[in-house]
Structure formats: C-alpha cells, structure tokens
Amino acid sequence: MTGTSGRRRVTGADVAREAGVSRATVSYVLNDAPHQKIPEATRQRVWEAAARLGYAPSAAARSLRMGRSEIVLGLLPDWPVEHILGRFVQQLTNAFAEHGLTFVVHAPARPARPLRDTWKAMTPAAVLALDDIPEPEAVAMRAAGIEVAVALHGSVQGRYRPPLVSEEPVGEAQARHLVGSHRRIGYAYPDLPKLGVLAEPRLDGVRKVCAELGLPEPDVRTVPIGANAAAKAVKAWLAADPPVTGICAFNDDVAMSVLVALRSLGLRAPQDLAVIGVDDIPGAALAQPPLTTIVRDTDAIARGLARRIVDTLSGMETRVEPIRVPLRVHDRAST
C-alpha cells in the first residue's frame, strides 16, 4: 500500500529481511517483549535495520497489543489560552511523555471538531479535563471503554469530587501577604464568568484568612482587563468605609489592570492601594510598579497529574486528596 508520497509503508517483515531474523524476533525486540532471551547483538542488528529503513511501528497494532492506546486526551476549557495555560499544557505534555504517553489537547472553540468526534477518532487511554466533563460525554466515553476520565477542577458524569488541584491556598497566600499591613482587603474578580471555577475557590481562601483574623469580608469587585477598565472598581474600593487598602487580584492580568487604573487616576501602588497577583507571568516584572505575585510549581502539578493517571491506568488505587505544591510570594514593589 502506498501513501500520498507514493512510498510503500515499511513493515516488520521488511525489517526482518534487512536484519536477517524472523518477524517474531523483530516484534519481540521492537516491542521490548518481556521474558524473551534475545542476544544483545541481535537486538542491536534489529534496531539498526529499523533505523535504516525508517520503520515506524503501527499505533493501531500497538493499541491492540496493549488493550488501549498511548494517548491522553486533554480537554481545554473555553478560557483564554494565555501564557500560564500554554506553559501548563507543555508541562503536561512532557510529564506524560516520561511515561510513554502522548498528550493531545482539544479546544472547544469553533470551528473545532465536536468533542465526541475527537475522542472517537483516537480512542484515548484516558481523558483529562481542565474543567467539567459533560455528563453525556462521560457516559459515552465509559460505554466506549475509556475507563479513566478525570476533571481538574470540576465534575465527571455529574458527580462532584474534590478538585485535583486546590485553588483555595492561592487566595490564602495572597491574603496572608497583605494582612500584616492592611486591615481591609479587596478582591479583583475576573469579568469572564467561565473563570469562576478558579476565581471562587481563590476568593474563598481570601475570605478564610479574613475570618480567621477578625477582618471584614473582602470587598469583591469585577475588574475587566484593559486600559482604565478597573478605574470604577478602584474608586469604589477607596470610597469604602473603612477604605480598602490592599487588593488580591484573581491573576496577574487582572492585577495589572488595577495598576493601570491607579495611574490613570493619579494614584500609586502601594501607597494608595497595594496589589498582589497570581502566576508570575513575564509581564509582571515589567509592570509599573513591578507586580508582587504568587508563584507555584506548575511543573510539579503536571507531574503529579500524570502520575495519578498512569497509576489509575495500571489498576492501582489512587489518592483522592488534591495535589499540593509549595507556594511562594515573589515580593515586588506593588505591595
């Protein structure tokens, strides 16, 4: 059979002829079959023959042999794909590759293929959703034999379970950084409702710290991203009784909107309003003033997620508590 280039696909039989061994030996060597005592020189000859011929094992055949594919399908939510999400996808790709798995992402934005068409075409070993997996999709996946479907922050098949990654400690870390110098805290909430799955638990973390210390509830204001977009919220915080003097922002983008609004009003951070963000994006250090932000090891999160999915695929009992990684404050001039 020839492809579009007119070149016939190299088969295991071709490798066997080139190496002067049986097809079974080629299969044992290339598939690293256990309990097969094949001399090292023979193994080397097979690998060299395969390399010369450009042999690529059939993914379909490998899936049949293993009983599953080597693909983990990642379902991206309908969020802006910005620096932090793009970096996290790359870290997940690397983490799964260390276990011999390929991480493939599907985004819902049109004109992308419908989700069901996508997973049916590749029959992945597992599905990892950064948000919810819709109940009809989860039912259909399970019926098709996809046993491992997990959601990072939401639910699977209508069943809530604790998030695999907890966002509440992020808000706690922000608030604890501010409360030493500020007795009234505000929260800059994103204006994209779909981000609520992240924003609400972060806000809960801020509320928790305020309650522990007997401080007023955080003053929550929605802050659009853009020049002067946060001016209304800044005015409201400063006009509160007592006035808000420290802001925990949902992320660095929202925090920088607050900084821009302060400058547009002739005000300064932290003298008039201290601001702390989340994620330490590249622009945080370039903000005016440079932005204080929460940093967490997203690579460790990616490795933890990959480990749990691999363990589940292997039939091992996995933990249900969230993956926790250390948080640190990158203290800059905005606080």
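Begin with the largest pocket of this predicted model, and select W79, I84, L198, R202 and D279, which lie nearest its centre among the 26 residues that line it. With those five residues shown, you are looking into a space with a volume of about 450 Å³. Rolling a probe the size of a water molecule over the atoms shows where empty space is left.

Next, colour the helices α5 (83-97), α9 (196-212), α11 (252-264) and α12 (298-313), the elements that each give two or more residues to the lining of the largest pocket. Which element supplies the largest share of that lining? It is α5, which contributes 3 residues. If you then colour the lining of the largest pocket by residue class, you will find 16 nonpolar, 3 polar and 7 charged residues.

Keep α5 and α12 on the screen and hide the rest for a moment. Two packed helices are described by the angle between their axes and the distance between the axes. Here the axes of α5 and α12 come within 8 Å and cross at roughly 45°. Because angles under 35 degrees count as roughly parallel and those from 65 to 115 as roughly perpendicular, this crossing makes α5 oblique to α12. The crossing of these two helices, α5 and α12, is right-handed.

To see where they touch, select I84, R87, F88, Q91, L92, A95 and F96 in α5, and then T298, D299, I301, A302, R303, L305, A306 and I309 in α12, which are the residues that meet. Sorted by class, the residues of this contact between α5 and α12 are 10 nonpolar, 2 polar and 3 charged. Notice I84 in particular, for this residue of α5 takes part in the contact with α12 and is also one of the residues nearest the centre of the largest pocket.

Now move to another pair of helices by selecting α10 (residues 231-239) together with α11, whose axes are 8 Å apart and which pack at an angle of about 75°. The helices α10 and α11 are therefore roughly perpendicular to each other. Show the side chains of A231, V234 and W237 of α10 and of V258, A261 and L262 of α11, which make the contact. How do the residues of this contact of α10 with α11 divide? There are 6 nonpolar residues, with no polar and no charged ones.

For the last stop, select D331, which is found in the segment after β10 (327-330). Leaving aside residues up to four places away in sequence, D331 touches H177 and T292. Finally, add I294, which is 37 residues from D331 along the chain, while the C-alpha atoms of D331 and I294 are separated by 8.6 Å.

Terms used
Residues are numbered from 1 along each chain as its sequence is written. This is a predicted model: local features need pLDDT of at least 70, side-chain atom pairs count only at pLDDT 80 or more; totals for chains, interfaces and linings use all residues. Side-chain values use heavy atoms; hydrogens and water are left out. On a 1 Å grid over the protein atoms alone, a cavity is a set of points where a 1.4 Å probe fits but cannot get out, and a pocket is an open set with protein on both sides within 12 Å along at least five of seven lines; lining residues have an atom within 4 Å of a point. Grid points are joined across faces, edges and corners, and a volume is the space filled by probe spheres set on the points. Helices (H or I, at least four residues) and strands (E, at least two) are DSSP runs, numbered from the N terminus. Ala, Val, Leu, Ile, Met, Phe, Trp, Tyr, Cys and Pro count as nonpolar, Asp, Glu, Lys and Arg as charged, and the others, Gly among them, as polar. Axes are lines fitted to C-alpha atoms, for helices over the stretch in contact, and angles run from 0 to 180 degrees between N-to-C directions. Angles under 35 degrees count as roughly parallel, over 145 as roughly antiparallel, 65 to 115 as roughly perpendicular and the rest as oblique. A crossing is left-handed if the near helix is turned anticlockwise from the far one by less than a right angle, and right-handed if clockwise. Contact means heavy atoms within 4.5 Å.
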